[in-house]
Each structure stands twice: as C-alpha cells, then as structure tokens.
Amino acid sequence: MRPQAAFVRRPCPVPTGRRRSIVGALLLLAAAIPPAPAEAQVTVYAPGDGSPNQAQLPIDVLASVGGRCGFADLGTPAGSFDQRNFDVTGFSHDFLFSLNCTGPARVGVVSTNGGLKTGGTALTGYAVLAPYDVSLHLVSNTAATANATCAAASLVAGTGTCADFRGPANTTQGLRIAAPSTNQTGSYLRVAANAYNQAVGPTLIAGEYADTLTVTLSASP
Amino acid sequence: MNRIILTALAAASAFAIATPAAAQSVTGVINITGNVDSKCMVVSAGNPTGPATFGGTVALGNLAQADGTMATDLATRFNAAGNNTQLQYKIVCTSAKTNVSVDADPIVAATAVAQAGYANRIDYKANVAVTLVGGAGAPVQSDSTDGAATATTYNDRLAATNPNIIVTASNFRTANLTDILLADSYTGKITIVVSPAA
C-alpha cells in the first residue's frame, strides 16, 4: 500500500463572534444535504488479475399484470334464431359463449324491442309484441356459477326493470360471476317462450316478428 | 491491473411496472325472429256437432199450428234467449281483414210432396251479425232460396268481445201461406265460414 499523505491546514485565528457565526452557517448547510445511502463497493478484476472476476447486481423488478376480460376467441354470444309459427310451438334456444376473464366479471343484456315485435298497431284485444324470457348461465374456472332469468320486456335499455342483468354491463351492472372464467365452456344465453294462448289473448296479429339482444361484458373487480 | 469498481446501493434498487386492470367491455349481438300465420281461432264455440268448430242446434218444436199450416212464431222461437248459447260465438283472427260467408239451407222433410196444397219445406232468411274492432259491421244475410252463399270481406279485425258473431233468423215461410206441412221430421242448416283475409 502506498503511504498516504494527509494535508492539514492550520486554521487562522478568527475573532470569536465571527467564528461563531461561521460555524452556525456550516451546520445549517450540512442539514440541507440528505445523507447519502450506504454504498457497498465491489471490485471486479479481469481474469488473471485477481478475484472475483464477476459480480451480481441484484435489481429487483416489481411488476403486476392488470386483469383482462373479454369473450374467448370464437366464444362471443352471437347468431340468429328463427321459429316459424312460434305462437303455436313456443320456442327455446341456447346461444353458447365463453368468457376469458382473469377476475370477476359481469354480463349484461339489452333487448331492442322488449319482446318479439311486428309492425302495426295493437288494437284492443290484439298484440304486436310477443313476450319471451331471457336466461343467463355463467360458469367459471371453479365450481362457482351465476344464473338469472328476466323477461325481455325488462331488458329495454334505460327503462327495463331487470336488476340482475339489464345491460349494458359495467363494473356494477350485470350478472356477476365472482370467480375467473378463462375459456370455460358451458356459459349460455337462453331465449324461451311457451306456446301462446291466442284464443285467450291478447291475440298476436299475423306477421313477421323480431328482436335483437345486445350482450356486453365487463370486468367487475 | 484491470479492475472495475462496481458500486451497488445497499438499499435495493427496484423499479416497478404496473398495468391498470383492463376493464374491457366487448359486445355480442343475437337476432331472434319468428312469424304468426294468418288464421282464425274459435274462442267461444257454442255447441257444435260433427266436424264443425263452432255452431249449435236450435230445436223449433212443432212447426205446424193447429190447422196444419206453418206456425207463425218460428222466428220468435229461433231467436229466443234460451238459444243464445247455440247461436252466439267468439271468433278471433290474426289477419287485419276478415271474410265471413253465410249459406242458409231450407228446413225440409224427407218425405216428398205428392199433392198440391201441401209442403215439406220451410224457407227463411239467416242473419249473421259481426262485431268488428271498429264497431258493428254490416250483417251478412242469406236466404234459403239463394243458390249460393253470401260472402263479405271486412276491412277490420273481429272485435275481441264475446260474442262477436250472432246468428238470427227471420221470414220463415212455406211456398204458400195455406200449405199444409207434411207430418215428418224436418232439418235445416246454416253454414257460416269465418276466414282470414289478406
């Protein structure tokens, strides 16, 4: 080790008052400087020149992945269903879908017409709107499921009274599945109605009837 | 001597990466369609017989009065309130327009007439009153001497009231007022057809 020289400078005598003031200022300055963190110095040598030749610098990386929620590929509830003479036969049909949600989610449904509707005016004793029911069945990665049924009339946007799943879905509105559901099969939306008693009425008038259901999905942490 | 001085802070160096929860909302659309055919349905059928879907039977009793000529109160007997359940019906149709046809057949006996002054046939006029959503429609009438049915198309739906089809009869007569009715059983028929119109 090389000898080290230390240079020491003899301080000049300062009048007491002046020295006191200088010391005070120095102290204040020291307080304004945050203490430097303790440093662990590591020396790494080239191979052949010493040891060690490598050192690891631990750098912790903290990260999180936000929840995702959507319909699985090819698992969106969509399609068409037609039933001729539905007033005589009634109907029941399931639209299958699959969620891809890493956390709790909600599904909402909105009916455009509030039932199957045809053109024309509903005269006394006759009807242009045929009621039917909408049911939701949701499955998850666990044994948890969610089920509810509402009349299509209660699924009209804004005015519908279905508290379970009138859409559109958001973090607080819609049928909630409390567990993650990722690409699970078994979820479905069912539309159904018994045969209509046309004799008792109101009598559904002749014509083509239609309705559209809009199904929406939202994460619900 | 080659050396590298590495200084690592004693406090762990760390950086965080975080992505907010993706509250993604996606949409599916389902279309449901169906139809209701044009058709008529019987709600109150009366007391039909045979293949008829509605109708009834009116028993007029003895058609002749004491002198053998036709009784003069057959219309009163036919239209008596006691026959309402036989003559009043409710029919509903899904179509916007309604066809109604009526064909009255004479009341006749099986025994053929051999002599003048006698009769085995009574004619009459059948009247079918139709109530529509917009009010009473013009009645459809058929006389038993007509060769064919009388048909009417109403540009309205049948009212959803009960009854909306009421049958009455009038002008019961023999060919001659003095004709003596043959002793026998007599039968007649009024055929009413209600059908949807385009």
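1. A good place to start is the surface of chain B: its accessible area comes to about 10200 Å², and carbon and sulfur atoms hold 54% of that. Please keep in mind as you read on that this is a predicted model.

2. Staying with chain B, you will find two helices and 14 strands there. The chain has 198 residues, and 36% of them count as buried. Among its contacts with a separation of 6 or more, 75% are between residues 24 or more positions apart.

3. Now to the cysteines. Over all chains, a search of the whole structure turns up three disulfides. In chain A, counting bonded cysteines along the chain, the pattern is 1-2, 3-4.

4. Chain B offers the pair Cys40(B) and Cys93(B), joined with an S to S distance of 2.0 Å. Cys40(B) sits in strand S4 (residues 40–44) of chain B and Cys93(B) in strand S5 (residues 88–93) of chain B, so this link ties together parts that are 53 residues apart in sequence. The torsion about the S-S bond is about 105°, so the disulfide is right-handed. Do look at the two ends separately: Cys40(B) is partly exposed at 24% relative accessibility, whereas Cys93(B) is buried at 1%.

5. In chain A, have a look at the open sheet of three strands, ordered S3-S6-S14 with antiparallel pairing. Strand S3 (69–71) and strand S14 (181–182) of chain A are at the edges with a single partner strand each, so one side of each has no neighbour in the sheet. Three bridges connect S3(A) with the antiparallel strand S6 (residues 99–101) of chain A. As one example of a bridge partner, Phe71(A) has Leu99(A) in S6(A).

6. A disulfide also joins Cys69(A) to Cys101(A), with S to S at 2.0 Å. Because Cys69(A) belongs to strand S3 of chain A and Cys101(A) to strand S6 of chain A, the pair ties together parts 32 residues apart in sequence. This link is right-handed, with 65° about the S-S bond. Cys69(A) is buried, at a relative accessible area of 1%, and Cys101(A) is buried with a value of 1%.

7. Finally, Cys150(A) and Cys162(A) form a disulfide with an S to S distance of 1.9 Å. Cys150(A) lies in strand S12 (residues 145–151) of chain A and Cys162(A) in the loop between S12 and strand S13 (175–177) of chain A, 12 residues apart. Its torsion is about 60°, so this disulfide is right-handed. Cys150(A) is buried at 7% relative accessible area, and Cys162(A) counts as buried at 5%.

Definitions and conventions: Residues are numbered from 1 along each chain as its sequence is written. Chains are lettered from A and ligands numbered from 1 in the order in which they are written. This is a predicted model: local features need pLDDT of at least 70, side-chain atom pairs count only at pLDDT 80 or more; totals for chains, interfaces and linings use all residues. Side-chain values use heavy atoms; hydrogens and water are left out. Helices (H or I, at least four residues) and strands (E, at least two) are DSSP runs, numbered from the N terminus. Buried means under 20% relative accessible area, exposed over 50%, partly exposed in between (1.4 Å probe, protein chains only). Contact means heavy atoms within 4.5 Å. Accessible areas come from the Shrake-Rupley method with a 1.4 Å probe; for residues, only the protein chains shown count as cover. Two strands pair if DSSP finds at least two bridges between them. A disulfide is a pair of cysteine sulfur atoms within 2.5 Å.
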